[in-house]
Amino acid sequence: METKTGVFICSGCEIGNCINAELTRNVATDEYKVANAVIHPALCSPEGYDLILNNIAENKLDAVLIAACSPRVKTNVFDFNENILLERVNLREQLAWCFEPNDEDTQMAADDYLRMGLAKVKTIKIPTPYIAENISSQILVAGGGVSGMSAAIEGAKAGYTVHLVEKENTLGGKQKDMYKQYPSEAPFNKLTEPVLGNMLDEIKKYNNIEVYTSTAIQEINGEPGAFDVKLQNGSVQELRVGAVVAAMGWKPYNPNNLTHLGYGKSKNVITIVEFEKKVKENPDLKLPKNILFIQCAGSRDKDHLPYCSSYCCSTSLKQTKYIRDLSPDSSVFVVYKDIRTLGLGEEFYKEVQKDDQVFFTKGEIDEVFVQEENIEIKVKETLLGEDISLSVDLVILATGMIPASTEDLNLNYRQGKGLPELKYNFSDSHFICFPYETRRTGIYAAGSVRSPMDISACLEDASGAMFKAIQCIEATKRGEAVHPRSGDKSFPELFMDRCADCKRCTEECPFGAYDETEKGTPLPNTSRCRRCGICLGSCPERIISFSDYSINSISAMIKAVEIPDEFEEKPRILVFVCENDAYPAMDMAGIKRLKYSSYVRVIPVRCLGSINKVWISDALSCGYDGILQIGCKPGDDYQCHFIHGSELTQTRSENFQETLQSMMLEPERISTEFVEITDYHKIPELINNYVEIIEDIGPNPFKDM
Ligand code: SF4
Ligand code: SF4
């Protein structure tokens with residue numbers, strides 16, 4: 001059935017002074033035969049809102065096209081009945097505020113944008129959400145250290161049933177071997193008892209926490225809302241949970257790699273982890289007279305761990321403090337690259353510095369000579385400006401942390417059993433915009449498996465991950481996506497009759513949403529999907545679509561633009577703009593009133609990775625002179641919100657170049673740029689430069705065909 005659409009054009013916020021809104025309305029009424037097309041001076045005002053609402057009711061509209069400000073703003077105002085299809089055309093930030101007012105080209109752009117909006121409305125539908133069957137609100141926490149226990153407590157407090165699984169025979173993780181804890185509260189000058197005791201007591205108070213010790217996760221199948229978990233502890237126990245918190249913790253860096261610091265050459269060279277355990281087991285231990293801490297032992301070192309583990313400085317300070325308390329005759333030396341105490345932890349550092357039997361110096365360990373009972377250390381580049389030698393009885397190496405393996409999750413995903421990892425093997429997350437998110441939807445990493453961190457940070461992290469898990473369950477119940485398209489109810493639908501079993505979608509989905517048959521046929525797990533559209537971009541058969549984002553809807557927008565003929569010398573540049581960083585950057589350029597060429601026609605895309613080759617050939621055969629793709633930066637410290645969408649665009653550009661070659665077109669007719677959200681000031685130069693390149697090449701020969 002034909003959609004009955006109402007068009008509402010706002011002439012406020014300079015739009016009416018920039019274009020002739022009447023002419024733009026004529027596009028709707030004359031070309032698209034829209035019966036209800038209205039111009040209003042402030043659509044977002046109460047009167048404007050009422051006008052739209054009354055129009056919907058009187059004319060029984062089922063779609064509303066608002067041509068006004070950016071779709072990123074006033075979303076609370078332009079919010080109608082959920083059965084009304086809403087599409088917004090950006091005539092403010094990306095037109096009136098960045099193009100010359102009352103100019104022929106600006107008017108042409110406004111008319112084209114309205115055409116594109118109307119063409120889109122004709123080809124999209126309101127999404128009907130996918131809701132998995134038998135959704136569970138229970139949560140699995142993998143790992144019973146402080147992060148896992150804390151996550152479980154937070155989940156239980158929020159009223160969710162939590163299954164806390166630990167492979168060892170007791171809860172506690174590394175805390176079991178902890179003698180004292182670094183202060184985490186004002187006045188930050190006293191060591192505290194480890195939090196473990198209190199946490200164990202607290203866990204007992206909640207009857208919605210099920211603890212499983214000596215238990216392994218044999219398998220996790222399914223998707224958010226409906227993960228089927230098999231636990232193995234003699235017998236197999238099956239659970240259904242809605243989300244998972246992965247809190248596997250960390251392992252100390254292998255000190256056997258630190259022989260240059262004396263490890264393995266003397267029993268009197270040990271690590272901070274070994275020392276803590278020793279004191280915990282025997283606090284009456286006789287401590288030697290002279291003790292040296294070597295900070296960053298194998299950390300911030302390109303041959304070992306290149307990063308800072310953030311807990312080792314505070315641990316050495318803590319140990320220094322209790323050494324002095326337990327053994328007033330002992331002196332402590334600390335040689336460091338930098339002392340890094342986080343936040344108010346600096347107060348404790350100052351407290352330790354007050355002790356005149358504790359000596360701190362910056363310096364580099366030059367040599368370590370292990371003799372029978374004592375150890376000689378040469379330190380160079382010290383703060384004193386000269387090399388020093390120390391003779392000590394015990395060396396404690398402040399070694400860093402490496403993340404525990406997440407393979408123990410035993411995920412039954414085609415991409416592997418564990419969580420994908422960043423460069424240093426920490427579980428992946430988009431650390432810039434949304435920590436805790438891993439590349440496996442519904443599974444949230446917490447604590448030092450996610451990033452090196454100390455106990456207070458782990459406790460905070462555990463709450464964050466648990467809240468994300470809860471958010472995921474609730475969103476899944478409503479059939480909505482989680483970050484970064486939170487609230488999106490659309491999902492990929494596959495027209496399987498034409499599937500060629502090529503496996504591109506299963507291989508390129510960054511979130512492992514597709515399993516596959518032996519033959520390679522995709523088996524979607526819809527709730528794992530983040531709605532990026534990368535599979536839509538990858539599918540050569542063009543059989544993947546969303547109800548409001550599809551091959552047809554974008555093709556219709558591309559084709560709706562009126563392409564001037566070559567003699568008019570008005571090139572048309574199609575700009576695919578990623579909605580995550582590039583589109584807001586373009587809006588911001590408008591807000592700052594930065595001007596750029598009005599020859600561009602912008603189409604927002606969910607991710608550059610969602611651009612299907614067919615859109616490129618459609619645009620070129622329609623006569624666009626150039627295609628510019630603007631997306632988030634690719635790379636290891638990725639900013640691409642869909643992990644590798646931007647990278648895929650680069651890989652696929654070979655395909656695009658083939659399209660150009662087959663059409664005998666110049667390679668410059670497709671170009672890709674990457675921007676951050678803060679790069680709005682680069683937008684005019686980036687667009688204008690590309691327009692110049694295209695003007696130099698000349699018009700697309702397909703223009704008049
Ligand atoms: S839309 Fe993105 S997350 Fe969803 S299945 Fe396709 S590629 Fe995977
Ligand atoms: S990319 Fe398309 S054709 Fe290939 S397996 Fe996936 S759905 Fe089938």
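Two strands count as paired if DSSP finds at least two bridges between them, and strands (E, at least two residues) and helices (H or I, at least four) are DSSP runs numbered from the N terminus. This is a predicted model, in which local features need pLDDT of at least 70 and side-chain atom pairs count only at pLDDT 80 or more, while totals for chains, interfaces and linings use all residues. Residues are numbered from 1 along each chain as its sequence is written, and chains are lettered from A and ligands numbered from 1 in the order in which they are written.

Select Ala-63 to begin, and look across to Leu-85 in E4, which stands opposite. Strand E3 (residues 63-68) pairs with E4 in the parallel sense over 6 bridges.

Widen the selection to the open sheet, where 4 strands with parallel pairing follow the order E2-E1-E3-E4. At its edges, strand E2 (36-40) and strand E4 (85-90) each pair on one side only, and the twist from one strand to the next averages 15°.

Next, select helix H2 (residues 21-31), which packs on the sheet and touches strand E1 (5-10) and E2, contact being C-beta atoms, placed from the backbone, within 7 Å. The direction of H2 makes about 165° with that of E2, with axes fitted to C-alpha atoms, for helices over the stretch in contact, and angles running from 0 to 180 degrees between N-to-C directions. Helix H5 (residues 104-123) lies across E1, E3 and E4, at about 160° to E4.

Finally, select ligand 2, which 14 residues surround, the closest being Cys-499, Cys-502, Arg-504, Cys-505 and Cys-539; a residue is near if its C-beta atom, placed from the backbone, lies within 6 Å.

Methods: Contact = placed C-beta atoms within 7 Å.
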